Amino acid sequence: MILDSFSVHQNSQIRATIANMGVEVIIIPGGLTGMVQPLDVGVNAPFKHWLAESAIEDGDSALYTASETRHATACSISQAWDRISIETILNSFNRILFVT
């Protein structure tokens with residue numbers, strides 16, 4: 001399993017649990033996310049930004065019923081994803097494929 005250097009991933013108890021399952025863990029050194037996780041930088045980051053922006057615009061979700069909250073969440077996810085173009089995804093990969 002390849003994990004980034006997030007502190008939880010390096011927790012000894014977590015690492016031991018994973019090792020007990022017979023899974024070897026490799027930690028990606030910090031600062032390499034853009035090189036080895038192109039979608040995290042090029043797609044996930046803007047997607048999360050637009051999703052958070054949508055949540056702020058929606059206001060107080062405590063005023064919604066559970067059904068309305070699920071519907072609003074689904075709409076926000078759909079709208080954020082619609083803002084991600086195929087070109088954006090391709091550019092995310094191309095950025096690392098042609099690094100010299």
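The accessible surface of the protein chain in this predicted model comes to about 7400 Å², and carbon and sulfur atoms contribute 60% of that area. Of the 100 residues in the chain, 13% count as buried. Along its principal axes, the C-alpha trace spans about 45 × 40 × 20 Å. The radius of gyration is 18 Å, well over the 13 Å that the globule rule gives for 100 residues, so the chain is more spread out than a compact globule. Contacts across the sequence are nonetheless well represented: among contacts with a separation of 6 or more, 58% join residues that are 24 or more positions apart.

Turning to secondary structure, the chain has five helices and two strands. Read along the sequence, these elements follow the pattern β-α-β-α-α-α-α. Helix α1 covers residues 12-20, and both of its flanks offer a local detail. At its start, a side-chain oxygen of N11 reaches to within 2.8 Å of the backbone nitrogen of Q13. After the helix comes G22, whose phi is positive, near 80°.

Further along the chain, helices α3 (residues 38-58) and α4 (residues 66-82) are linked by an aromatic pair, and the structure holds one such pair. Its members are F47 and W81, with ring centres 6.1 Å apart. The ring planes meet at 70°, over the 60 degrees required, so the pair is edge-to-face. F47 belongs to α3 and W81 to α4, and the two residues lie 34 residues apart, so to speak of distant parts of the chain being linked is fair here. The partners differ in their surroundings: F47 is buried, with a relative accessible area of 17%, whereas W81 is partly exposed, at 43%.

Beside W81 in the sequence, D82 also lies in helix α4. D82 is exposed, with a relative accessible area of 61%. The C-alpha atoms of D82 and F47 are separated by 9.3 Å, although these residues are 35 residues apart along the chain.

A second side-chain link between α3 and α4 is polar. The side chain of S76 makes a polar contact with the side chain of S54, at 2.8 Å. S76 lies in helix α4 and has a relative accessible area of 8%; this value is under 20%, so S76 counts as buried.

Charged side chains add one more long-range connection. A search of the whole structure finds one salt bridge, in which the side chains of R83 and E53 meet with an N to O distance of 3.5 Å. R83 sits in the loop between α4 and α5 (86-97), while E53 is in helix α3. With their positions 30 residues apart, this pair too links distant parts of the chain. Both partners count as partly exposed: R83 has a relative accessible area of 45%, and E53 stands at 32%.

Key:
Residues numbered from 1 in each chain as written. Heavy atoms only, no water. Polar contact = N/O pair within 3.5 Å; in protein donor to acceptor, adjacent residues only side chain to side chain. Helix = DSSP H or I, 4+ residues; strand = E, 2+ residues; numbered from the N terminus. Phe/Tyr/Trp six-rings, centres within 6.5 Å; stacked < 30°, edge-to-face > 60°. Buried < 20%, exposed > 50% of the residue type's maximum accessible area, 1.4 Å probe, protein only. Rg over C-alpha atoms; globule rule 2.2 N^0.38 Å. Contact = heavy atoms within 4.5 Å. Areas by Shrake-Rupley, 256 points an atom, 1.4 Å probe, with all protein chains shown as cover. Salt bridge = Lys/Arg side-chain N within 4 Å of Asp/Glu carboxyl O.
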